[in-house]
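Work through the exercises below with the sequence and the structure at hand. Try each task before reading its solution.

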Amino acid sequence: MTTWHVGPSDTEADARARLAEQERELERLRAEVAEWRARAAKLPLREEVDFTSVSGRSVEPVYTPLDLPPGGEPAELPGVYPFTRGVHPTMYRGRLWTMRQFAGFGTAEDTNRRYKFLLERGQTGLSVAFDFPTLMGYDSDHPRSEGEVGKCGVAITSARDMEQLFAGIPLDKVSTSMTINGPAAMLFCFYVAAAERQGVSPEKLRGTIQNDILKEYMAQHAWIFPVEPALKIIVDLFQWASEHAPQWNTISISGYHIREAGATAAQELAFTLADGFEYVERGLARGLDIDWFAPRLSFFWDVHNDFFEEIAKLRAARRIWARRLREKYGARDERSWKMRFHCQTAGVTLTAQQPHNNIARVGYQALAAVLGGTQSLHTNAYDETLALPTEESVRIALRTQQLLAYETGVANVADPLGGSYYVEALTDQLEREAEGLFAEIEAQGGVVHALESGWFQRQIASSSARFQAEVEQGRRIVVGVNEFVETSEHEVDILKVSDTAERSQREGVARLRAERDAALVERRLAALADAARADANIIPAMLDCARAYCTLFEIRHVLEQIYGSYREPVFF
Amino acid sequence: MMAAATDRRPPSRPIRVLVAKPGLDGHDRGAKVVAAALRDAGMEVIYTGLHQTPEMIARAAVQEDVDVVGLSILSGAHMTLFPRVRQLLVDQGRPDVLVTGGGIIPREDMDALREQGVGRLFGPGTPTADLIEYIESWAVEHLEA
């Protein structure tokens, strides 16, 4: 029977009664949990283990409603602000995550073949791994590139290489992610120029350029220019792309490399978000409307071994971002509040010992990424601690995602762990820890100051040292490394990148230099220098350089004359 | 051989080590962990920072008068960089300096580099105690007591 309330006093009395009932319920629960703890304390525990997360966080033996915020937050739904439970209401029912395997080695032609191999096997997006010379802005024929051309990724020296990289792959049909930072704007311009050659205009391009220089200074170290001009170029790209390539993600603010360098989950979360806020503030300082560029900011997270901690990290990340964007930066467009991200399983967790065990590690990490609501995923291949992956190992890595998507049923329900006492408590805890770290960063004088002084780098190095010590003292078990060791390891077949790639790249670059219009190259480079000196947006002039087949190092060199180079604070 | 080895004593001064990151990759987690571990083991450690050329490394090794150069290479350029540093040290009159190191280096490449005069190389997952022991026993063999 329905009870009708007639006066306000009745409602208040009801509310008071309800609260009192809840309080009694909580009291009962507290007593029960206390009794349970007393009983549990007498039970034997495994002695050899620290019951802490990978990040060193101590973990309770059980979680209950007492671990949820007092008073209880109203039940949240996926696709609703602050998006703890996911950015889409229906999550993977509407659309699966993009299966995007990072790949690149040898010449553009070698990698083009690998892309076609992956696309034919059901991969749904491309992701370019560049070699180290390209990552650092050197041409394949530069003396500093010797021995490194095509070794850890594909060598791209000009827009011509980019055309070959995507030969036969229509750029208006695929989405492409490019992991490049120091020279990100240059490679982006090469991509736009290559697309134009296919007859595809920039507004049709979909994809992401990593373009996150702050974490380069902190962790990955592929920088070129000092911090301020590097940030200026990034904002130039925000501005240009929001007008000309509106479907393009202009940055992928990355925790991955910070974590791989040794950070804890909370440090990865906080340092990366702090970088994100810095980019937002730089965009605002340029006078850009927040809702004009914030919807194209995307993120990239590492998914490490500690299953629940990783899921909680991803949930906390979405919530913090949404709140900041709405409440602090005043974004009004919902798309600005939604943190969309890519995940990659943690390369640093793979072991060279018993490498096939890595297949299982990657499977668990991939599951965490999906339960954390990722938009796209790279699964590492089991042989990546030994060399670049073979076709066989990347196929298994891709199949791992397909198993998750089509066999396990995890894609049927949005945020299936929402409401778990442990996951919710951990999500709140990570959010609080991140807030604490934001305050510390502020106290260090902000992101730029803290990285120039080496504060971030020291924080990361000390976490890395702690983890290493735990492993060496046997307090943290790494299967196959310090426990369950095999005395004889059988070797696995690995990919060999031959030196012919370097030779043929050099020949290709020499041909390009001979064939292109040298006077046009000079004019375009001079115009770029003019734009940089005038402190104008340099993307249009850079794109003209790309169209004229100026090389990466030519562009780098022109800008370095004006902007200077970054010098790292060296310590250990 | 064994008898001769046992006659030798550890050097009376600390072993001097240059930990270097040649090439263009930025993976310095391993180099920093190793540098700190060697320092904690009582060695004098100099760390070069990133993106060093073989010439820069050899010059630093000679100037700092080190006993050991440890190269950390995860970029796949090991077959170029190890022999180059070793050769530059030989050219500069320091063939006695031990060139060792680690990274993502396939076993057969490690073997090939040993034949070219490079010391033992260590892969991922090596306990730092192993490198310390290797360098210390090399020092017993090769440095003045």
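**Exercise 1: The nonpolar core**

In the largest nonpolar core, which residues touch the most other members?

Solution. The model is a predicted one. Its largest nonpolar core has 197 residues, and those touching the most other members are A:Cys189, A:Phe190, A:Ala317, A:Leu528, A:Met542, B:Val69 and B:Val85. Next, look for the element that gives the most to this core: helix α5 of chain A, residues 184–197, with 12 residues. Last, place the core relative to the domains of chain A. Domain 1 (95–472) and domain 2 (519–563) both give residues to the core, so the core lies between them.

Now take one of these residues, B:Val85. What is B:Val85 in contact with, leaving aside its neighbours within four places in sequence? The list is B:Pro22, B:Pro54, B:Ile57, B:Ala58, B:Val69, B:Leu71 and B:Val99.

**Exercise 2: A helix in chain A**

Find the buried residues of helix α20 of chain A, then find what covers them.

Solution. Helix α20 of chain A spans residues 539–547, and its buried residues include A:Ile539, A:Ala541, A:Met542, A:Leu543, A:Cys545 and A:Ala546. A general point about helices helps in reading such a list: an α-helix has 3.6 residues a turn, so residues three or four places apart point the same way. The cover over the buried residues of α20(A) includes α4 (159–165), α5, α7 (227–244), α19 (518–533) and α21 (552–563) of chain A. After α20(A) comes A:Tyr549, which has a positive phi near 65°.

**Exercise 3: The sheet of chain A**

Write down the strand order of the nine-stranded sheet in chain A, and name the helices that pack on this sheet beside β9(A).

Solution. The sheet is open, its pairing is parallel, and its order in chain A is β5-β4-β3-β2-β1-β9-β8-β7-β6. At the edges are β5 (248–249) and β6 (251–254) of chain A, each paired on one side only. Inside the order, take β7 (residues 297–303) and β8 (residues 341–345) of chain A: these strands are parallel and share five bridges. One step finer, A:Asp302 has A:Gln344 in β8(A) as its bridge partner. Helix α13 of chain A (residues 357–371) packs on the sheet and touches β7, β8 and β9 (376–378) of chain A, with its direction at about 165° to that of β8(A). Helix α14 of chain A (residues 391–406) also packs on the sheet, where it touches β1 (98–103) and β9 of chain A; its direction makes about 160° with that of β1(A).

**Exercise 4: Chain B as a whole**

Describe the fold pattern of chain B, and decide whether its radius of gyration agrees or disagrees with that of a compact globule.

Solution. Count first: chain B has six helices and five strands. Along the sequence they follow α-β-α-β-α-β-α-β-α-β-α. The strands form an open sheet with parallel pairing in the order β2-β1-β3-β4-β5, and β2 (44–47) and β5 (121–122) of chain B are its edge strands. β4(B), residues 98–103, is joined to β5(B) by two bridges, and B:Gly102 has B:Phe122 as its partner there.

For the radius, a compact globule of 145 residues would have a value near 15 Å; chain B has 14 Å, which agrees. Buried residues are 49% of chain B.

**Exercise 5: Where the chains touch**

How many residues does each chain give to the contact?

Solution. Chain B gives 28 residues and chain A gives 32. On the side of chain B, α2 (29–40), α4 (78–91) and α6 (128–142) each give two or more residues. The largest share, five residues, comes from α2(B).

Technical notes:
Residues numbered from 1 in each chain as written. Chains lettered and ligands numbered in written order. Predicted model: local features only at pLDDT ≥ 70, side-chain atom pairs only at ≥ 80, totals over all residues. Helix = DSSP H or I, 4+ residues; strand = E, 2+ residues; numbered from the N terminus. Rg over C-alpha atoms; globule rule 2.2 N^0.38 Å. Buried ≥ 20, exposed ≤ 12 C-beta atoms within 10 Å, placed from the backbone. Core = buried A, V, L, I, M, F, W, Y, C linked by C-beta atoms within 7 Å. Domains from an automatic or database assignment. Contact = placed C-beta atoms within 7 Å. Pairing = 2+ DSSP bridges. Axes fitted to C-alpha atoms, helices over the stretch in contact; angles between N-to-C directions.
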